[in-house]
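Biologist: I'd like a close look at a single part of this model, residue by residue, with the cut-offs spelled out as you go. Pick whichever part you like and show me how it fits in with the rest.

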Amino acid sequence: MIRQASGRPVMWRSGHAPIKTKVRESGALLAGELTGHLYFKERWFGFDDALYAGARLLEVLSLDPRSTTEIFAALPGGLTTPELAMPLAEGEPERIMRAVLRLADRLDGVEVIRIDGLRAEFDRGFGVVRASNTLPQLTFRFEGDDAQALEKIQSLFRRLMEKAAPGLPLPF
């Protein structure tokens with residue numbers, strides 16, 4: 001959708017500081033994270049502010065002649081999990097992520113992105129595992145076009161995590 005609107009999407013590391021740095025470095029007018037943080041450069045100061053994001057959304061909606069139901073129905077669908085956190089002992093997330101990344105080359109038929117942990121892009125969705133920037137935990141997130149695609153992606157991540165950290169009680 002970003003490309004359809006003549007934009008150029010850039011994937012980057014999660015977290016307030018990395019995103020703000022990338023916005024400044026790239027000159028991006030808008031940036032966002034799945035956590036809901038939105039960063040505006042245009043007509044704002046380049047930092048995330050929920051009230052400003054809400055006001056901008058209301059502005060965009062008011063300028064579109066369609067009903068909000070029609071506008072939101074035109075957006076891509078699919079199933080997305082919330083961020084799934086797995087608390088661990090200090091130092092464990094980094095150790096486990098090293099093992100996960102060593103196994104990433106064994107993932108066939110997926111595009112592997114290592115910008116921030118491991119993101120596996122499938123034809124019908126994606127999965128992410130990464131070490132949190134702020135807490136000793138791993139975080140997971142999954143998205144699929146439908147329930148079958150979502151389960152297939154999570155199943156692959158279960159097998160991957162079992163090889164990287166046998167016996168780890170996964171939150172999915």
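**From the first helix to the last strand**

Modeller: Let me start at the N-terminal end and work towards the strand I want to dwell on. The buried residues of helix H1 pack against two strands, E1 (30-32) and E2 (38-40). Here contact means heavy atoms within 4.5 Å, and buried means under 20% relative accessible area with a 1.4 Å probe and protein chains only, exposed over 50%, and partly exposed in between. Helices (H or I, at least four residues) and strands (E, at least two) are DSSP runs numbered from the N terminus.

Bear in mind that this is a predicted model, where local features need pLDDT of at least 70, side-chain atom pairs count only at pLDDT 80 or more, and totals for chains, interfaces and linings use all residues. Residues are numbered from 1 along each chain as its sequence is written, and side-chain values use heavy atoms, with hydrogens and water left out.

Back to H1, which runs over residues 16-26: its buried residues are Pro18, Ile19, Lys22 and Val23. They sit on the same side of H1 because they cover an arc of only 135° around the axis, taken from the directions that lead from the helix axis to the C-beta atoms. An α-helix has 3.6 residues a turn, so residues three or four places apart point the same way. The other side of H1 has Arg24 and Glu25, both exposed. Just after H1 comes Gly27, with a positive phi of about 75°.

Zooming out for a moment, the protein has 5 helices and 8 strands, in the order α-β-β-α-α-β-β-α-β-β-β-β-α along the sequence. Its C-alpha atoms fill a box of roughly 55 × 35 × 25 Å along the principal axes. Of its 172 residues, 37% count as buried. If you take contacts between residues at least 6 apart in sequence, 45% of them join residues at least 24 apart.

Now for the part I'd really look at: strand E8, residues 137-144. It is mostly covered, with 7 of its 8 residues buried. I call two strands paired if DSSP finds at least two bridges between them. By that rule, E3 (residues 79-80) pairs with E8 in the antiparallel sense over 2 bridges, and Thr80 has Glu143 of E8 as its bridge partner. E4 (residues 84-87) is also antiparallel to E8, this time over 4 bridges. Within that pairing, Ala85 stands opposite Thr139.

E7 (residues 125-131) makes another antiparallel pairing with E8, over 7 bridges. Here Val129 faces Phe140 of E8. These two strands, E7 and E8, form a hairpin with 5 residues between them.

It's worth following E7 a bit further. This strand is mostly covered too: 7 of its 7 residues are buried. Gly125, Gly127, Val129 and Ala131 point one way from E7, while Phe126, Val128 and Arg130 point the other way, and all are buried. E7 also pairs with E6 (residues 118-122), antiparallel over 5 bridges. Phe122 stands opposite Gly125 of E7, and a hairpin of 2 residues joins E6 to E7.

To finish, let's go down to one residue of E8, namely Thr139. Thr139 counts as buried because its relative accessibility is 4%. Leaving out residues up to four places away in sequence, Thr139 touches Glu83, Leu84, Val128, Val129, Arg130 and Ser132. Of these, Val128, Val129 and Arg130 are among the buried residues of E7, and Leu84 lies in E4, which spans residues 84-87. For a distance you can check in your viewer, take Glu94: it is 45 residues from Thr139 along the chain, and their C-alpha atoms are separated by 12 Å.

So much for the tour; if you colour one thing, try E8 with its antiparallel partners E3, E4 and E7.
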